[in-house]
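Me: Could you walk me through this one? I'd like to take it a question at a time.

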Number of protein chains: 2
Amino acid sequence: MASVTLSDVAREAGVSLATASRAINGSANRTVRPDLQQRVLAAAARLGYSPDANAQAMARGRTSTLGLIVHDIADPYFSSIAAGVTTAAEAAGLMVTLASTGHRPEKELAFIDVLQSQRARAIVIAGGRQDAEEANERLRAALATYRSRGGTVAVIGQPILDVHTVAIDNVGGAAELARALHGRGYREFAVLTGPAPHLTARERTEGFTTALAGLGVEVPADRVVASEFTRDGGYEAMTELISRQADHRRRDGLGSLAVFAVNDVMAMGAMAATRDAGMRVGEDVGIAGFDDIVTLRDVTPGLSTVAVPLVDAGVRATRMALDSDGDAVVEQLDGAVVLRDSTPGP
Amino acid sequence: MASVTLSDVAREAGVSLATASRAINGSANRTVRPDLQQRVLAAAARLGYSPDANAQAMARGRTSTLGLIVHDIADPYFSSIAAGVTTAAEAAGLMVTLASTGHRPEKELAFIDVLQSQRARAIVIAGGRQDAEEANERLRAALATYRSRGGTVAVIGQPILDVHTVAIDNVGGAAELARALHGRGYREFAVLTGPAPHLTARERTEGFTTALAGLGVEVPADRVVASEFTRDGGYEAMTELISRQADHRRRDGLGSLAVFAVNDVMAMGAMAATRDAGMRVGEDVGIAGFDDIVTLRDVTPGLSTVAVPLVDAGVRATRMALDSDGDAVVEQLDGAVVLRDSTPGP
DNA sequence: TTGTAAGCGTTATCAA
DNA sequence: TTGATAACGCTTACAA
């Protein structure tokens with residue numbers, strides 16, 4: 001690591017350290033004489049000088065790092081958000097430090113500590129919150145400390161951490177989906193919901209069932225199946241649902257039933273389970289998801305879903321974290337129902 | 001940013017700066033008396049001390065940062081690799097700085113500079129190389145400089161940058177796929193290949209056609225369609241292919257034709273184009289891809305493809321970058337053919 | 001406009 | 001075992 005330092009450059013250019021510094025980054029203190037500036041730049045190039053960002057961070061008292069915490073970067077939901085965050089961060093001249101928790105909530109705290117240590121300028125946390133008050137309280141405390149030290153924060157998810165939040169309208173989107181499916185003629189519904197404490201799953205489920213109730217349709221309790229918030233969760237929940245239904249209606253399949261899986265990846269699992277049970281998606285049973293994952297837009301039958309602008313969510317969260325420093329602001333992001341052939345109507 | 005410093009902790013604990021430092025991280029210089037150690041730790045906790053990673057980096061002369069450069073983090077190919085990289089990095093006690101180039105090769109160079117400035121310990125570059133010698137030469141130079149300054153590098157892609165490389169066996173995988181499709185009875189083939197300079201696309205195409213040649217089957221030039229390496233590229237190429245074929249064989253569709261799209265995402269585009277042209281995937285034409293993207297494993301008909309262990313590629317590349325410091329090592333990663341219903345046989 | 005010198009928060013060397 | 005103190009590479013008052 002025998003790096004070339006700014007002193008080396010200064011010496012090579014025959015100027016003082018201060019002048020070299022000013023020439024290379026044009027600091028607040030205005031100008032350096034053009035010819036000197038050139039000399040310094042030339043010397044830097046000749047020596048292959050690379051400024052030490054850590055030293056700069058120390059001297060300046062601030063870094064150009066933004067932290068991004070996701071549950072699982074391989075999940076298309078989070079990777080889309082990450083794309084938005086990296087884009088917006090780059091536009092702001094920041095590099096992003098990526099932390100993937102692997103769905104372990106305690107890692108969130110640990111990563112906040114690390115980002116705190118790195119003196120990251122801002123932290124973006126992506127991913128719905130859990131209904132787990134002690135965990136949330138710890139998170140709130142950690143973020144409050146981070147903010148008190150000058151960092152800024154934005155969360156994509158539920159606005160319960162007292163920080164800037166991009167809140168996806170899960171309730172509204174699910175409700176609209178419910179009405180749209182009802183509009184296509186479905187009168188029987190089921191929900192493959194996530195784990196009970198998962199707020200996003202819960203909001204989507206409630207939005208869906210409440211909207212149906214408003215239309216005079218009830219979703220019986222045995223048609224609300226809990227599971228993991230994953231592809232396998234969707235598969236298992238659908239399998240379970242099918243076996244529960246088998247009793248009543250063995251021969252005619254699930255006929256006029258529309259199944260709402262609370263995210264697209266679960267919906268894909270549900271589709272697979274449907275097929276493995278010998279039924280056809282769309283014809284024997286309708287299936288809808290939530291998110292409109294871009295990679296899944298070409299599946300057949302086309303998956304009905306609620307499109308969420310995930311990349312945009314990442315961009316907005318980053319901007320919020322960077323721009324506004326005051327009280328916690330909540331920005332709502334609406335989804336848009338997209339009806340495709342997985343729910344053609346009964 | 002009025003942070004608590006180690007001096008504050010030392011004062012609070014009534015010990016020297018040096019002792020505080022040793023107590024908190026147990027440096028090479030062995031022990032600190034247990035009671036002092038406790039006092040320091042307690043003081044640190046009381047004050048909410050958070051070590052300044054930048055200062056540590058300066059003093060220690062090394063960081064705990066690993067840089068990851070991808071073309072597009074929203075692409076499932078890269079997000080899977082990123083998952084492997086973050087996992088392996090975390091295991092090594094490193095944080096990863098994520099850089100997404102948006103497919104602009106010049107950004108790769110710029111990011112290497114930034115990572116160099118950050119004094120990142122290692123850099124992992126994911127994504128196939130282009131046949132563009134000046135660009136590659138610049139990259140080689142940048143990486144050589146980075147390495148000469150003490151950094152280590154690993155690339156996932158073609159081993160042409162004189163650094164450690166995880167090379168995916170595109171030729172072999174595509175060849176095996178060709179033989180497997182031939183084994184299912186196909187005798188006519190087409191290839192939706194990527195842009196000409198894209199080495200991964202080229203290797204897959206060549207592996208495929210060469211293997212077929214070995215079986216006595218030739219792929220006519222007008223059945224090799226170039227396009228972007230994306231979903232839309234696949235869609236357009238397939239549309240083009242269909243229109244080219246339309247002349248000969250209007251009524252019987254593409255019958256016994258198997259189409260190899262050089263990656264899964266392109267294959268999804270090709271499937272969409274097939275359907276939009278009123279044909280059925282599997283029955284009217286076979287379609288296969290490459291990569292076995294996890295999110296696409298449940299599409300119907302199931303997409304025949306070559307499974308590439310992408311997460312593992314990320315893990316290995318990270319380990320290579322971290323472990324071996326010497327000459328460029330090339331580790332080959334084999335794919336495995338997975339035949340599904342998108343190529344049932346003619 | 002340029003230079004001198006004082007930090008920035010740690011680690012690590014060297015004495016004590 | 002502990003404590004001064006000199007780096008680490010840079011920025012930025014403050015002087016010149």
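Reply: Sure, and let's start with a term we'll need: a residue is called buried if its relative accessible area is under 20%, and exposed if that is over 50%. Keep in mind that this is a predicted model.

Me: Okay, let's try that on Thr63(A). Is Thr63(A) buried or exposed?
Reply: Thr63(A) sits in the loop between α4 and β1 (65-70) of chain A. The relative accessible area of Thr63(A) is 7%. The cut-off for the lower class is under 20%, so Thr63(A) counts as buried.

Me: What does the side chain of Thr63(A) reach at 2.6 Å?
Reply: Leave aside residues up to four places away in sequence, and Thr63(A) touches Ala57(A), Gln118(A), Arg119(A), Ala120(A), Arg121(A) and Asn54(B). One of these, Arg119(A), also makes a polar contact with the side chain of Thr63(A). At 2.6 Å, what that side chain reaches is the backbone oxygen of Arg119(A).

Me: Let's zoom out to the chain. Why is chain A described as more spread out than a compact globule?
Reply: Chain A has twelve helices and twelve strands. For its 346 residues, the globule rule gives 20 Å. The C-alpha trace spans about 90 × 40 × 30 Å along its principal axes. Chain A is more spread out because its radius of gyration is well over the rule's value, at 26 Å.

Me: And how much of chain A counts as buried?
Reply: The accessible surface of chain A comes to about 13900 Å², and carbon and sulfur atoms hold 50% of it. As for contacts between residues at least 6 apart in sequence, 74% join residues at least 24 apart. Of the 346 residues, the share that counts as buried is 54%.

Me: Now the DNA. Which element gives the most to the surface near DNA strand D?
Reply: There are 25 residues around DNA strand D, and Leu6(A), Tyr49(A), Thr19(B), Arg22(B) and Leu36(B) come nearest. Elements that each supply at least two residues are α2 (17-25) and α4 (53-60) of chain A, plus α2 (17-25) and α4 (53-60) of chain B. With five residues, the one that gives the most is α2(A).

Me: Which residue has a backbone N or O atom 2.3 Å from a phosphate oxygen of DNA strand D?
Reply: Let's go through some contacts with phosphate oxygens of this strand. Arg60(A) has a polar side-chain atom at 3.4 Å, and an N or O atom in the side chain of Gln56(A) is at 3.0 Å. The one with a backbone atom at 2.3 Å is Leu6(A).

Me: What about the other strand: how many residues surround DNA strand C?
Reply: By class, the surface near DNA strand C divides into 13 nonpolar, nine polar and five charged residues. The closest are Thr19(A), Arg22(A), Leu36(A), Leu6(B) and Ser21(B). The number of residues that surround this strand is 27.

Me: Last one. How far is a polar side-chain atom of Ser21(B) from a phosphate oxygen of DNA strand C?
Reply: Chain B makes several such contacts, so here are three to look at. A backbone N or O atom of Leu6(B) lies 2.4 Å from a phosphate oxygen of DNA strand C, while for a polar side-chain atom of Arg60(B) the distance is 3.4 Å. For Ser21(B), the distance is 2.5 Å.

Terms used
Residues numbered from 1 in each chain as written. Chains lettered and ligands numbered in written order. Predicted model: local features only at pLDDT ≥ 70, side-chain atom pairs only at ≥ 80, totals over all residues. Heavy atoms only, no water. Near = heavy atom within 4 Å. Polar contact = N/O pair within 3.5 Å; in protein donor to acceptor, adjacent residues only side chain to side chain. Helix = DSSP H or I, 4+ residues; strand = E, 2+ residues; numbered from the N terminus. Rg over C-alpha atoms; globule rule 2.2 N^0.38 Å. Buried < 20%, exposed > 50% of the residue type's maximum accessible area, 1.4 Å probe, protein only. Contact = heavy atoms within 4.5 Å. Areas by Shrake-Rupley, 256 points an atom, 1.4 Å probe, with all protein chains shown as cover. Nonpolar A, V, L, I, M, F, W, Y, C, P; charged D, E, K, R; others polar.
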